[in-house]
Amino acid sequence: MSTTATSRATAILGALGDDPVIASVKDADALDRVLASDRRIVFLLFGSVLDIEATVARCKAAGRTVLVDVDLLDGFSGRDIVVEWLATRTEADGVLSTKSGVVKAAKRAGLMAVQRFFLVDSFSYHQLPRVVAQSDPDAIEILPGCMPRVIGWLRADLTTPIIAGGLVCDKADVMAALGAGALAVASSDRAVWSM
């Protein structure tokens, strides 16, 4: 991993320790709302080859830290070259992806890397430590994030910071995830953004 990626990830993880709510943004309307809010860290879960440069620039102009979900960008394939493109053509601070190759490419490109895991059964849970060891992300996001028991299990098994995302709908969900050991929560629920 590059020194740039290490220092960038350290700074972002430190900021999450102070303010653990991340705004997950799925469309332009939500982006308008988050840029008018106090949320400092944004996960962009939408965009395309046509508009991602401008969307990231708008977030950066508003003083936000921006991580782009590479897997959800229209017109791009979820491949390493997309990460290089983002690193050279935008001011994105990092990427999110379910793909280990993309996570490794992000770290090589000097971007923070968050690997997303959809935990739907015990098989996906038991695969997670092996995949994390291979890809070495700066943080993992587990979905759904409203599973404090599972967060506790992961916290006991991993040293990688955990972000709880998906179906985090209110203050009780946020407090349960943080209490179980998550560093932060990512939510698209605007009520959670105002906490």
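Start with the whole chain in cartoon view. Eight strands form a closed barrel, in the order S1-S2-S3-S4-S5-S6-S7-S8, with parallel pairing. On average, neighbouring strands of this sheet are turned by 25° against each other, direction ignored. This is a predicted model: local features need pLDDT of at least 70, side-chain atom pairs count only at pLDDT 80 or more, and totals for chains, interfaces and linings use all residues. Residues are numbered from 1 along each chain as its sequence is written, and side-chain values use heavy atoms, with hydrogens and water left out.

A few terms help on the way. Helices (H or I, at least four residues) and strands (E, at least two) are DSSP runs, numbered from the N terminus. Two strands pair if DSSP finds at least two bridges between them.

**Stop 1: strand pairs**

Select S2 and S3, residues 41–44 and 65–69. They pair in the parallel sense over four bridges. Find Val42: it stands opposite Val66 in S3. S3 is mostly covered, with four of its five residues buried. Buried means under 20% relative accessible area, exposed over 50%, and partly exposed in between (1.4 Å probe, protein chains only).

Now select S4 (residues 94–97) and S5 (residues 112–118). They too are parallel, over four bridges. Which residue in S5 is the bridge partner of Val95? Look for Ala113.

**Stop 2: helix H1**

Select residues 3–18, helix H1. H1 lies across S1, S2, S3, S5, S6, S7 and S8, running at about 60° to S5. Axes are lines fitted to C-alpha atoms, for helices over the stretch in contact, and angles run from 0 to 180 degrees between N-to-C directions. Contact means heavy atoms within 4.5 Å.

**Stop 3: the nonpolar cores**

A nonpolar core is a set of buried Ala, Val, Leu, Ile, Met, Phe, Trp, Tyr and Cys residues joined through side-chain atoms within 4.5 Å. The largest one here has 30 residues. Show Val25, Leu31, Val34, Leu44, Ile52, Val68 and Leu86 as sticks; these have the most contacts inside it. S1, H2 (28–35), S2, H3 (52–61), S3, H4 (80–89) and H5 (100–108) each give two or more residues to this core.

Another core lies apart from it, with 23 residues. Among them are Leu128, Val150, Leu154 and Leu158.

Go back to Leu86. Not counting residues up to four places away in sequence, Leu86 touches Ile52, Val68, Val70, Leu73 and Val95.

**Stop 4: helix H7**

Select residues 148–157. Helix H7 lies across S6 and S7, at about 165° to S7. Which residues of H7 are buried? Val150, Ile151 and Leu154. They fall within an arc of 100° seen down the axis, so they line one face of the helix. The arc is that of the directions from the helix axis to the C-beta atoms. The buried residues pack against H6 (122–135), S6, S7 and H8. On the other side of H7, Arg149 and Ala156 are exposed.

**Stop 5: helix H8**

Move to residues 171–180. In H8, Val174, Ala177 and Ala180 are buried. They cover an arc of only 140° around the axis, which puts them on the same side of H8. The buried residues of H8 pack against H7, S7, S8 and helix H9 (190–193). The face turned away from them carries exposed Lys171, Ala172 and Gly179.

Check both ends. At the start of H8, a side-chain oxygen of Asp170 reaches to within 3.2 Å of the backbone nitrogen of Ala172. After H8 comes Gly181, whose phi is positive, near 120°.

**Stop 6: strand S8**

Select residues 184–187. Ala184 and Ala186 point one way from S8, Val185 and Ser187 the other way, and all are buried. Three bridges join S7 to S8, which run parallel. Here Gly165 stands opposite Ala186. S1 and S8 are also parallel, joined by three bridges, and Val21 has Val185 as its bridge partner in S8.

Zoom in on Ala186. Its relative accessibility is 1%, so Ala186 counts as buried. Leaving out residues up to four places away in sequence, Ala186 touches several residues, including Ile22, Phe43, Glu141 and Ile163. Its C-alpha atom is separated by 9.6 Å from that of Leu143, 43 residues apart along the chain.

Finish at Ser187. Is Ser187 buried or exposed? Ser187 is buried, with a relative accessible area of 3%. Beyond its neighbours within four places in sequence, Ser187 is in contact with Ile22, Ala23, Ser24, Val168, Val192 and Trp193.

Technical notes: Polar contact = N/O pair within 3.5 Å; in protein donor to acceptor, adjacent residues only side chain to side chain.
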